[in-house]
Amino acid sequence: MIEFNRKSNTLEQTQYRYALQDIAEPNLYREIYNYDEVPKCAFNHRRVPMNPADEIWITDTTFRDGQQSRAPYTAEQIVTLYDYLHKLGGPKGIIRQTEFFLYSDKDKEAVYKCLERGYQFPEVTSWIRASKSDFQLAKQMGMKETGFLVSCSDYHIFNKLKMTRKQALDSYLSVIKEAISVGIKPRCHLEDITRADFYGFVVPFALELRKLMDESGVPIKLRACDTMGYGVSYPGAALPRSVGGIIYGLRHHAGFPSELIEWHGHNDFYKAVCNSATAWMYGCSSVNCSLLGIGERTGNTPLEAMVFEYASLRGTTDGMDTTVITEIAEYYEKELDYEIPPRTPFVGRHFNVTQAGIHADGLLKDEEIYNIFNTGKLLNRPIGVAITQTSGLAGIALWINNYFRLSGDSLIDKKDDRVAVVKEWIDAQYKSGRNTSISDKEMLKCIRELAPDLLPEGR
């Protein structure tokens, strides 16, 4: 059968039909995933088209996946972070949803307090076990949507659930029908999709969900979960690892619209951000993230990273308040006692701090030379400099200008004799065996003692 696709404005074949392949033994893709070797990336050189959705957004799993790998948040801490997410997402709600557990009294308290805020965005959703009692609980707590696991790789179906593919599919469908029967919109978390038989299980299962969606009139979301971080973004990469192939297949072969497809990535191979952006580029509307990337093992896709990916791909922040990212980072370090690795992009203490003298020299002349963007404006984080044995005259002058917020004619030049006096003291520190950077407190003390006329009036 040939039909005209108004999205691509081309005639396309639509005779593809994918039936469940109910095999007797699991397909573990041992040619790719040999447990004693680094996973291999195969290519079939079939390139699917990039087709970004009309609208893209971010969803959050800080209070679900993000809570599985750290000390649990208190209800008050969750509400504070929820407020930050609301402010960061802006009036258009680019951070569309956030998900919660519903089991403990603390979880329930946090959900109720967040709902009391009355925010449209991020919408409060839940994650529950696939049971009728849990669906009733979600309904009682006012959840309109909930997520649950529908593991789709044979690693999980055969080796964890001890089922056949047919048994798993039937079990999943019965649970989804229960959710719909109590008025809950299901979000199906396709666990371990990057090790799953895409055409033998994932697409047939998705087609059954399409039938159920058409019959019930209730939208069903698919969350493609790269549970182990195996996804790759390379053009021409073969399934099951191809991120573009997965998103294209869910849209083209399973018939799901972009707004019902979500990507959930992990960072085991340093690919979480790239894979999430790739999912957007190939037609997925939603990418699921956590604050600071906190999550199982190496973590999830960092939400703050996708804020900047969004702005990069769309050419606008669409009202997101990116300075809130710095407030969130400070809250984690000061209030939650969470140590952020100092060189973490956007949130680490040293992410826009230079130590090299040659870089400092460039920053003195024009901060654009060595700063990724106007971090002072977009993150309320002016460029910084750490003083070490390699900072040189330029680094010292830059520290003075930044610390005292000097501008215009007040700026100190690296050729200033007083800067040389400070450098002599610093050089002496390292000649005597010091191997740590000079703190701001030490720099201030040095200037007061050796070059007091560098101090602005009142300092």
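**Exercise 1. Strand pairing.** In this predicted model, in which sense do strand 1 and strand 2 pair, and over how many bridges?

*Solution.* Take strand 2 as residues 10-13. Strand 1 covers residues 2-5. The two pair in the antiparallel sense, over four bridges. For one of the partners, start at isoleucine 2: its bridge partner in strand 2 is glutamine 13. Now go to the hairpin. Four residues lie between the strands. There, asparagine 9 takes a positive phi near 55°.

**Exercise 2. A surface patch.** Is phenylalanine 4 buried, partly exposed or exposed? Which residues form a nonpolar patch on the surface?

*Solution.* Locate phenylalanine 4 in strand 1. Read its relative accessibility: 45%. Buried means under 20% and exposed means over 50%. Phenylalanine 4 therefore counts as partly exposed, at 45%. Next, the patch. Ile2, Phe4 and Leu11 form it, with about 350 Å² of accessible area together.

**Exercise 3. The faces of helix 3.** Which residues of helix 3 are buried, and why do they line one face of the helix?

*Solution.* Helix 3 spans residues 132-140. Its buried residues are Asp134, Phe135, Leu137 and Ala138. Look down the helix axis: these buried residues fall within an arc of 155°, so they line one face. Turn to the other side of helix 3: Ser133 and Gln140 are exposed there. Then ask what covers the buried residues. The cover includes helix 2 (105-116), strand 5 (123-127), strand 6 (145-149) and helix 5 (165-181).

**Exercise 4. After the helix.** Which glycine follows helix 3, and what is its phi?

*Solution.* Read on past helix 3 to glycine 142. The phi of glycine 142 is positive, near 85°.

Conventions: Residues numbered from 1 in each chain as written. Predicted model: local features only at pLDDT ≥ 70, side-chain atom pairs only at ≥ 80, totals over all residues. Heavy atoms only, no water. Patch = residues over 30% accessible without salt bridge, like charges linked within 9 Å, V, L, I, M, F, W, Y side chains within 5 Å. Areas by Shrake-Rupley, 256 points an atom, 1.4 Å probe, with all protein chains shown as cover. Salt bridge = Lys/Arg side-chain N within 4 Å of Asp/Glu carboxyl O. Buried < 20%, exposed > 50% of the residue type's maximum accessible area, 1.4 Å probe, protein only. Pairing = 2+ DSSP bridges. Arc of directions from axis to C-beta. Contact = heavy atoms within 4.5 Å.
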